[in-house]
Structures are given as C-alpha cells and as structure tokens.
Amino acid sequence: MTRTLHKVLDRFALGLVSAAALLVLTNCSKEVSREVSEENLVGVEGEPLTGISTFSWIYARILSTACVECHNPSGMATVNYHVQLNFADRSAAYTTLLVSTVNGVTSTGTCAPLRVVVPGSPKISYLLGTLIQSYSSGNFGGVDNCTPYAGHYSTIHLSNEQKSALVGWIQSGALDN
Ligand code: HEC
C-alpha cells in the first residue's frame, strides 16, 4: 500500500518537474525568438505575431480596407498617377505588389526605379518605406532624396500589429500564403 502510494507520489513529483522544465524551455524559446525578431524588425516596435504574417491576413486586414479605395483600376492612384498597384481582389493585389516598380515618387521621380516588394529584403521594399516611417530614410534603397513615407499621397497610420505582419511577410519571402 505504502509502496503504491510512493509510486504515485513519485510520478506526481516527476510530473511537476517536467512541467517546470517545460515552462522554462518555453520561456527560453520565447526569449530567443524575441531577439531574432527585434533584429529583423528594424524600427518597428512590437513583435511579429506568428500566424498573421501571411498574405491572406495582410490582404484582409490592410490592403482591402485601408488602401483599395485609391488603389483599384478606377481609383485615383491608378487614374491620376498611373500606379500599377491594384488591390481590388486578393490575386491582383499579390501580383501587382510583386511585379510593380516605382515610377517615381510621385511627381519628382526621385525614387525610381525601386521594386515595391523585394522578397526577403524588407529594407529595400518600397512598400515598407511608404507605410513605416522608420523605414523611410532620406535615401531609401540607396536612391538619393528618396523618402517614400513622406512622399505617399496620404499619410498612413498602421498599428504595430499591421506593420509587423508586413515586415514578417516580406522577410519570410513574400509568399502567396
Ligand atoms: C487616398 C488615396 C490613397 C490611399 C488610401 C492609399 N494610397 Fe497609396 N498611393 C496613392 C497615390 C495617389 C499614389 C501615387 C502618388 C504617390 O506616390 O503619392 C500612391 C502610391 C503608392 C505606392 C507607390 C507605388 C508607385 O508605383 O509609386 C505604394 C507602395 C502605395 N501607394 C501603397 C499604399 C498602401 C499599401 C495603402 C494602404 C495601406 C495605400 N497606398 C493607401 C493614393 C492612396
């Protein structure tokens, strides 16, 4: 009887120890991923939330809500400024983001030629320069006097969650996922 009780207690203790070990491990891996992401997310506060850096999320939560009114075939960005981006549907959005090059901000032409999305390279993707102020230097992508954020027609205010999703998506290869 006591032996069985001991066994049960031993099991219980072992269970507690493994649970504690698991907790420590989980915390450690959190620590590691935080370090990695801060390194990747230059200038963006907040961590990328895993699971949302997909194109589907970005289309649903950013492009189809905050951008499509101007970026569609009959929208003013297309009609008046000949911007190739078309966010009218998900597949057009993906295609045009990946093939588009900048013709010049905008009236001055100083930012051309840059690609809007460069898979794996957030820092030279014009899209991020446009949407995230800290990505927009005075010579974005090595082009003199290029300031995409200041140059965009309307100032966009995205949440950290939205910014992180965009950076994470481009960083991990800008997949059609
Ligand atoms: C109120 C209208 C409007 C909204 C809303 C808008 N844009 Fe724009 N966007 C423009 C116009 C006009 C241009 C072209 C002139 C310029 O660069 O300012 C442009 C240019 C761009 C460019 C540069 C492309 C090129 O070929 O020069 C990008 C990238 C871009 N927009 C992304 C976005 C994204 C992403 C959103 C949503 C988060 C958005 N825009 C929301 C009007 C808008």
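In the predicted model, the ligand is surrounded by 27 residues, of which Cys67, Cys70, Ala77, Tyr81 and Tyr153 come nearest. By class, this shell comprises 17 nonpolar residues, nine polar residues and one charged residue. At least two residues of the shell are supplied by each of helix 2, helix 3 (76-81) and helix 5. The greatest contribution is that of helix 5, which provides four residues.

Helix 2 and helix 5 also take part in the largest nonpolar core. This core contains 31 residues, and the members that touch the most others are Ile58, Leu97, Leu127, Leu128, Leu166 and Ile170. Two or more core residues are given by each of helix 2 (55-67), helix 4 (90-99), helix 5 (126-131) and helix 7 (160-171). Helix 7 accounts for the largest share, with five residues. When neighbours within four places in sequence are set aside, Leu127 is in contact with Leu97, Val116 and Val117.

The packing of helix 2 against helix 7 was examined separately. Two packed helices are described by the angle between their axes and by the distance between those axes. For helix 2 and helix 7, the angle is about 145 degrees and the axes lie 10 Å apart. The crossing of helix 2 past helix 7 is left-handed. On the side of helix 2, the contact is made by Phe55, Trp57, Ile58, Arg61 and Ile62, which meet Gln162, Ala165, Leu166 and Trp169 of helix 7. Seven of the residues in this contact are nonpolar, one is polar and one is charged. Ile58 and Leu166, which belong to this contact, are also among the core members that touch the most others.

Several backbone features were found in the loops. In the loop between helix 4 and helix 5, which holds Pro113, a cis peptide bond links Ala112 to Pro113, with omega about -10 degrees. His82, in the loop between helix 3 and helix 4, is not a glycine, yet has a positive phi of about 55 degrees. His82 is classed as exposed because 8 C-beta neighbours lie inside 10 Å, the cut-off for this class being 12 or fewer. A positive phi, of about 60 degrees, is likewise found at Asn145, another residue that is not a glycine. Asn145 is located in the loop between helix 5 and helix 6 (148-151). With 12 other C-beta atoms within 10 Å, Asn145 is therefore exposed as well.

Conventions:
Residues numbered from 1 in each chain as written. Predicted model: local features only at pLDDT ≥ 70, side-chain atom pairs only at ≥ 80, totals over all residues. Core = buried A, V, L, I, M, F, W, Y, C linked by C-beta atoms within 7 Å. Buried ≥ 20, exposed ≤ 12 C-beta atoms within 10 Å, placed from the backbone. Contact = placed C-beta atoms within 7 Å. Near = placed C-beta within 6 Å. Nonpolar A, V, L, I, M, F, W, Y, C, P; charged D, E, K, R; others polar. Axes fitted to C-alpha atoms, helices over the stretch in contact; angles between N-to-C directions. Left-handed = near helix turned anticlockwise from the far one by under 90°.
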